Amino acid sequence: MTTRYTEDHEWITVDGDIATVGITAYAAGQLGDVVFVELPEVGKTLSKGDEFAVVESVKAASEVYAPVDGEITAINDALEGEPATVNEDATGAGWFVKIKLSDASQLDGLMDEAAYNAHTA
Amino acid sequence: MTDTLLKTPLHALHVELGGKMVPFAGYDMPVQYPLGIMGEHNQTREKAGLFDVSHMGQARYEGDEAALEALITADLSTLNSGEQKYTLLLNEKGGIRDDLMVSRPWGEHLFLVVNAATKDNDFAHIEAATAGKGKLVRLDDRALLALQGPAAKDVMARLCPAACEMIFMQCGTFELGGAEVYISRSGYTGEDGFEISIPADKADAIARLILAEDEVEAIGLGARDSLRLEAGLCLYGHDMDENRTPVEASLIWALARTRRDRGDFPGAAVIAQQIEDKTCQKRVGLKLTGAPAREGAEIADKDGNIIGTVTSGGFGPTVSGPVAMGYIDRDFLEPGTEVDVLVRGKARPATITKLPFVPANFYRG
């Protein structure tokens with residue numbers, strides 16, 4: 001499994017042709033206490049850069065963008081009742097959606113962990 | 001960019017405390033500290049929080065009080081020494097130029113506290129309108145702190161016991177930390193608490209003195225906003241502005257009965273007509289389910305007709321859910337009325353709710 005990062009602080013972990021996507025712990029820390037996550041419908045197709053989810057903290061709403069093209073195959077329903085999971089475990093239980101990749105080569109354009117750490121340093 | 005922003009006398013302290021600094025009304029201000037907005041909100045509701053509100057405008061007014069009274073909605077003849085009133089500065093159409101506190105902490109003269117973003121305009125307007133009759137003296141050399149929360153009185157009992165003898169909306173001059181301070185028992189959170197005007201050069205030392213008390217944490221503008229929203233208090237420039245009258249803003253209570261009878265405030269005819277007609281939109285509270293509604297979100301009836309607009313909204317940590325305020329058509333004012341708020345195009349159910357969302361915890365003696 002490979003994990004890649006975007007400049008907008010999404011992470012994407014790929015297993016076969018299914019990718020799991022969320023926001024980074026750094027992003028969650030910057031947003032503060034997450035109080036609501038608006039997720040898309042399963043089956044929706046996304047193009048890289050599309051706004052597909054919204055994270056609401058106490059103060060503000062922030063958009064989350066698709067790191068790659070693909071189709072939503074699952075959403076993390078548990079966030080509806082427990083949005084704080086995004087703060088507690090951003091890269092684990094706080095995942096947002098699963099996407100079936102249309103073009104795996106798009107991953108090559110994203111940052112690896114070292115590059116992302118440098119980006120947020 | 002930060003070098004064009006103004007700094008309050010507590011700026012270095014905010015940075016030292018790890019405040020996340022953001023531009024607000026021309027000042028570089030802490031939106032939150034490491035405790036976070038939710039933690040700071042709960043701290044203030046449960047214990048005590050210290051807010052730097054030095055960006056707000058402080059001034060003394062001396063001279064002909066009728067000249068000042070003509071611009072606002074209070075009856076200054078009933079404002080006794082040691083008392084404070086909430087009042088509104090109106091334009092000729094009855095629109096709200098600002099909301100402010102007017103008080104007599106010194107026995108004579110008046111003490112004014114106005115909003116940060118409007119202070120230059122307010123003071124220029126008051127000076128122009130009272131020229132030759134009164135004198136407005138800006139107190140830019142003073143900081144303003146707010147100590148808020150149920151434990152605020154316990155802290156004050158140790159630092160300035162005499163101030164604890166005041167009840168809600170009383171004020172006076174006291175000594176605190178070796179400085180002469182003006183304290184009022186009031187605030188912007190719905191909690192008991194004090195607002196403390198301090199000479200700028202003593203502000204840092206006094207803030208540290210207060211923060212050294214066990215019950216107190218520093219609180220940023222983020223929690224200040226969620227606290228005031230739950231308390232149903234208006235944020236100027238959002239929940240009211242020059243295009244909204246006290247009738248629309250549901251602030252008729254700030255219009256002194258005597259002034260209303262005399263009709264001698266700016267825009268009196270417009271306001272009297274609105275009171276009689278009962279047709280204008282009014283400000284209400286809304287409780288939502290799911291996503292918080294932010295400023296600008298449209299309010300619709302259950303048939304999808306647009307009936308109003310959200311003017312401020314967010315998540316209420318004490319309510320434990322999203323809350324908002326907005327202006328809505330007359331037919332929908334009744335608490336309990338079910339409406340929808342359109343959040344990013346999605347209709348979210350909302351219920352018109354009596355303000356405040358959280359019961360006020362003022363000390364009334």
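**Exercise 1. Which pattern of helices and strands does chain A follow when read along the sequence?**

Conventions come first. The model is predicted, so that local features need pLDDT of at least 70 and side-chain atom pairs count only at pLDDT 80 or more, while totals for chains, interfaces and linings use all residues. Residues are numbered from 1 along each chain as its sequence is written, and chains are lettered from A, with ligands numbered from 1, in the order in which they are written.

Step 1. Helices (H or I, at least four residues) and strands (E, at least two) are taken as DSSP runs numbered from the N terminus, and on this basis chain A has four helices and nine strands.

Step 2. Along the sequence, the pattern of chain A reads β-β-β-α-β-β-β-β-β-α-α-β-α.

Step 3. Chain A has a radius of gyration of 13 Å, close to the 14 Å from the globule rule for 121 residues, so it is as compact as a globular protein of that length; the radius is taken over C-alpha atoms, and the rule is 2.2 Å times the number of residues to the power 0.38. The C-alpha trace of chain A spans about 35 × 35 × 20 Å along its principal axes.

**Exercise 2. Describe how strands S1, S2 and S3 of chain A pair.**

Step 1. Two strands pair if DSSP finds at least two bridges between them. S1(A), residues 2-5, and S2(A), residues 10-15, are antiparallel over four bridges, with A:Arg4 opposite A:Ile12.

Step 2. Four residues lie between the strands of this hairpin, in which A:His9 takes a positive phi near 75 degrees.

Step 3. S2(A) also pairs with S3(A), residues 18-23, in the antiparallel sense over six bridges, and here A:Asp15 has A:Ile18 as its bridge partner. This second hairpin has two residues between its strands, and A:Gly16 in the turn has a positive phi of about 70 degrees.

**Exercise 3. Characterise the side of chain A that touches chain B.**

Step 1. With contact defined by C-beta atoms, placed from the backbone, that lie within 7 Å, ten residues of chain A are in contact with 14 residues of chain B.

Step 2. S4 (34-38) and S6 (51-57) of chain A each supply at least two residues of this side, and its largest share, three residues, comes from S4(A).

Step 3. By class, this side has five nonpolar, one polar and four charged residues, where Ala, Val, Leu, Ile, Met, Phe, Trp, Tyr, Cys and Pro count as nonpolar, Asp, Glu, Lys and Arg as charged, and the others, Gly among them, as polar.

**Exercise 4. Describe the six-stranded sheet of chain B and the helices H2(B) and H5(B) that accompany it.**

Step 1. The open sheet has the order S10-S11-S12-S9-S3-S13 and mixed pairing, with S10 (171-176) and S13 (216-218) as edge strands that each pair on one side only.

Step 2. From one strand to the next, the twist averages 30 degrees; axes are lines fitted to C-alpha atoms, for helices over the stretch in contact, and angles run from 0 to 180 degrees between N-to-C directions.

Step 3. S10(B) and S11(B), residues 179-184, are antiparallel over six bridges, with B:Gly172 standing opposite B:Ile183.

Step 4. H2(B) lies across S3, S9 and S13 of chain B and runs at about 120 degrees to S3(B), whereas H5(B), residues 152-159, packs on the sheet with its direction at about 125 degrees to that of S9(B).

Technical notes. Contact = placed C-beta atoms within 7 Å.
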